[in-house]
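Please look through the sequence and the structure shown here, and keep both at hand while reading the report that follows.

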Amino acid sequence: MKLSSLARLAASFSLLAPWAVLPGASTALPTKSSTTELLILTADNFESTIAEGVWFIEYMSPYCGHCRSFAPTWERLVEKNGEKADPGIYLAQVNCAAHGGTPAPLPLCVKNAVVGYPQMNLYRNGQFVETFKQARTIELLTEYLNTHAEPRVLPMPVTTSESAPTAVDLEADDSPIEHAKPSKDGGPIGAVVSLDEQTFKEATDEGGVFVNFFLPWGYQSRKLAPTWTQLAHEVNGRVAIAEVNCQEHSALCSHEGVIGCPMMFYYGGKGRKTQYRGDRSLAHLQAFAEVNQDAVDLMNHHRRPAPSEVGVDSSQEVMNAL
């Protein structure tokens with residue numbers, strides 16, 4: 001449906017009685033599917049949300065017949081994209097009936113050059129890239145997303161090892177996951193330690209802790225949970241494997257710069273903090289934790305030569321020794 005047609009339609013309605021409204025306009029506009037959770041952006045959060053990463057935005061109106069016909073395809077596309085551990089591209093909608101009409105001084109849809117519904121625009125780090133102009137089939141849309149996605153790491157080569165469990169293998173276990181309670185000494189070896197504001201500071205000041213910031217209802221957080229528990233078992237206390245529930249400790253998560261869940265950081269003590277950006281497989285997570293722990297151990301045990309041992313003119317030798 002062209003916006004010019006909508007403008008003419010709106011003008012014709014302005015000639016009617018003041019109480020004349022479009023059919024359904026008095027009811028609440030839909031914001032999510034009954035089966036798939038959809039992300040709806042508004043003028044208040046649009047720019048901040050798409051400022052980082054690759055975003056594919058559908059501009060739509062619930063009164064548009066083409067939009068209603070396309071809705072099941074969009075929901076399926078969102079669902080398929082959300083099943084990936086690292087999709088590299090994010091999907092959201094803008095309801096132009098709520099955010100693109102003429103009373104707003106800067107209508108969001110007009111500002112983004114929307115000329116018809118539904119229209120899908122691609123953005124990268126907040127900048128417009130292009131408008132999707134192909135047929136709106138699930139096959140072409142999936143191919144388009146795969147082409148423009150920017151995963152944080154390249155996919156791992158397929159391994160034939162039977163001893164190394166994968167995230168898919170672990171997801172088959174539907175048994176509840178028991179997490180350890182906060183404790184000052186790090187909790188039982190081989191278990192995930194749940195941290196709060198107090199125990200988090202104690203643990204990270206000491207260092208040697210790998211923390212997962214998660215949301216208990218988040219799809220990706222739930223998907224990672226079995227792997228995170230297995231990671232604690234595999235490192236067997238050499239690295240403390242911990243977690244912070246961002247629903248219960250939102251202020252702590254905000255302070256640590258968590259902008260999405262799950263988000264993982266290794267804390268090496270003395271203010272050292274490294275974000276994990278790799279694949280969420282057990283092998284990658286374990287390698288990251290152990291490499292960072294090796295570096296911290298080396299740093300903590302390396303002795304800086306005293307000036308009396310190297311002489312006042314040997315500062316370069318000291319640096320080389322480090």
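## Two asparagines with positive phi

In this predicted model, N125 is placed in the loop that runs between β4 and β5 (127-131). Its phi angle is positive, at about 50°, although N125 is not a glycine. With a relative accessibility of 37%, N125 counts as partly exposed, because that class covers what lies between the buried limit of 20% and the exposed limit of 50%.

A second asparagine, N236, also has a positive phi, near 50°, and it too is a residue other than glycine. N236 belongs to the loop between α9 and β8 (240-245).

## Two cis peptide bonds

The peptide bond that joins Y117 and P118 is cis, and its omega is about -15°. P118 is found in the loop that connects α5 and β4.

Another cis peptide bond leads from C261 to P262, with omega near 0°. P262 lies in the loop between α10 (250-255) and β9. C261 will return below, where it is named among the residues closest to the centre of the largest pocket.

## Around L108

The loop between α5 (108-111) and β4 (119-124) also holds N112. At 13% relative accessibility N112 counts as buried, and a polar atom of its side chain lies 2.9 Å from the backbone oxygen of L108.

L108 also comes close in space to a residue from another part of the chain: the C-alpha atoms of A43 and L108 are separated by 6.0 Å, although the two residues are 65 residues apart along the chain. A43 is located in the loop between β1 (40-41) and α2. With a relative accessible area of 53%, A43 is exposed, whereas N112, at 13%, is buried.

## Aromatic pairs

A pair of aromatic rings is described by two quantities, the distance of the centres and the angle of the planes. How many aromatic pairs does the count come to? The count comes to 16 aromatic pairs. One of them is formed by F210 and Y276, whose ring centres are 6.0 Å apart and whose planes stand at 75°, so this pair is edge-to-face, the class that requires an angle over 60 degrees. F210 is in strand β7 (residues 209-214) and Y276 in strand β10 (residues 272-276), 66 residues apart, and the pair therefore links distant parts of the chain. Both F210 and Y276 are buried.

The rings of F265 and Y267 also pair, with centres 6.3 Å apart and planes at 55°, so that this pair is tilted. F265 is buried, with a relative accessible area of 5%, and Y267 is buried as well, at 4%. Elsewhere, ring pairs link F56, F70, W74, F132 and Y144 into a cluster.

## Charges over rings

Two rings named above also have a charged side chain over them. The charged end of R136 sits over the ring of F70, at 5.9 Å from its centre. For F265, it is K273 that lies over the face of the ring, 4.4 Å from the ring centre.

## A contact across the sequence

M263 is placed in strand β9 and, at 11% relative accessibility, counts as buried. Its C-alpha atom is 5.2 Å from that of F213, while the two residues are 50 residues apart in sequence.

## The largest pocket

Rolling a probe the size of a water molecule over the atoms shows where empty space is left. The largest pocket has a volume of about 1,900 Å³. Which residues, of the 50 that line this pocket, are the closest to its centre? They are W55, Y90, Q220, G260 and C261.

Several elements each give two or more residues to the lining, namely α2 (46-49), β2 (54-60), α3 (65-82), β3 (90-95), α9 (219-235), β9 (263-269) and β10. The largest share, five residues, comes from α3. By residue type, the lining of the largest pocket divides into 24 nonpolar, 15 polar and 11 charged residues.

Notes. Residues are numbered from 1 along each chain as its sequence is written. This is a predicted model: local features need pLDDT of at least 70, side-chain atom pairs count only at pLDDT 80 or more; totals for chains, interfaces and linings use all residues. Side-chain values use heavy atoms; hydrogens and water are left out. Rings of Phe, Tyr and Trp (its six-membered ring) pair if their centres lie within 6.5 Å; planes under 30 degrees apart count as stacked, over 60 as edge-to-face and the rest as tilted. Helices (H or I, at least four residues) and strands (E, at least two) are DSSP runs, numbered from the N terminus. Buried means under 20% relative accessible area, exposed over 50%, partly exposed in between (1.4 Å probe, protein chains only). A charge sits over a ring if NZ of Lys or CZ of Arg is within 6 Å of the ring centre and within 35 degrees of the ring normal. On a 1 Å grid over the protein atoms alone, a cavity is a set of points where a 1.4 Å probe fits but cannot get out, and a pocket is an open set with protein on both sides within 12 Å along at least five of seven lines; lining residues have an atom within 4 Å of a point. Grid points are joined across faces, edges and corners, and a volume is the space filled by probe spheres set on the points. Ala, Val, Leu, Ile, Met, Phe, Trp, Tyr, Cys and Pro count as nonpolar, Asp, Glu, Lys and Arg as charged, and the others, Gly among them, as polar. A polar contact is a pair of N or O atoms within 3.5 Å; within protein, one must be able to donate a hydrogen and the other to accept it, and residues adjacent in sequence count only if both atoms are side-chain atoms.
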